[in-house]
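Here are a few quick notes to go with the model. Have a look at the fold and then run through the points below.

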Amino acid sequence: ITGRWADIGKFKGPILRGLAARAPYFHNGSAKTLLDVVRFYELRFGVFFSPQEEDDLVAFLSSL
């Protein structure tokens, strides 16, 4: 993006602004809601949240 030698091979990741308005999620649209995304990553990385923590995380992501 910058054209500087030190930045060759780096890339800018996607922003999270307006995330809730960009459903479905993932390259193939397999996650219809943000809750589906949270649950996918819970299974993928073996990190599990309580239902309240899931709701809180979805609310936070929706607020961005």
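1. Contacts first, and bear in mind that this is a predicted model. If you take contacts between residues at least 6 apart in sequence, 23% of them join residues at least 24 apart.

2. On secondary structure, the protein has two helices and zero strands. Its radius of gyration is 15 Å, whereas the globule rule gives 11 Å for 64 residues; the value is well over the rule, so the protein is more spread out than a compact globule. The C-alpha trace spans about 45 × 25 × 25 Å along its principal axes.

3. What about burial and surface? Of the 64 residues, 19% count as buried. About 5300 Å² of the protein is exposed, and 63% of that area comes from carbon and sulfur atoms.

4. Charges: there are 8 positive and 7 negative ones in the protein. Take the mean position of each set, and the two points lie 15 Å apart.

5. One local spot to click on is Ser-30, which sits in the segment before helix H1 (34-45). Its side chain makes a polar contact of 3.0 Å with the side chain of Asn-28.

6. Staying with Ser-30, how far is it from Arg-44 in sequence and in space? The two are 14 residues apart along the chain, and their C-alpha atoms are 14 Å apart.

Terms used. Residues are numbered from 1 along each chain as its sequence is written. This is a predicted model: local features need pLDDT of at least 70, side-chain atom pairs count only at pLDDT 80 or more; totals for chains, interfaces and linings use all residues. Side-chain values use heavy atoms; hydrogens and water are left out. Helices (H or I, at least four residues) and strands (E, at least two) are DSSP runs, numbered from the N terminus. The radius of gyration is taken over C-alpha atoms; the globule rule is 2.2 Å times the number of residues to the power 0.38. Buried means under 20% relative accessible area, exposed over 50%, partly exposed in between (1.4 Å probe, protein chains only). Contact means heavy atoms within 4.5 Å. Accessible areas come from the Shrake-Rupley method with a 1.4 Å probe; for residues, only the protein chains shown count as cover. Lys and Arg count as positive and Asp and Glu as negative; His and the chain ends are not counted. The place of a charge is taken as NZ of Lys, CZ of Arg, CG of Asp or CD of Glu. A polar contact is a pair of N or O atoms within 3.5 Å; within protein, one must be able to donate a hydrogen and the other to accept it, and residues adjacent in sequence count only if both atoms are side-chain atoms.
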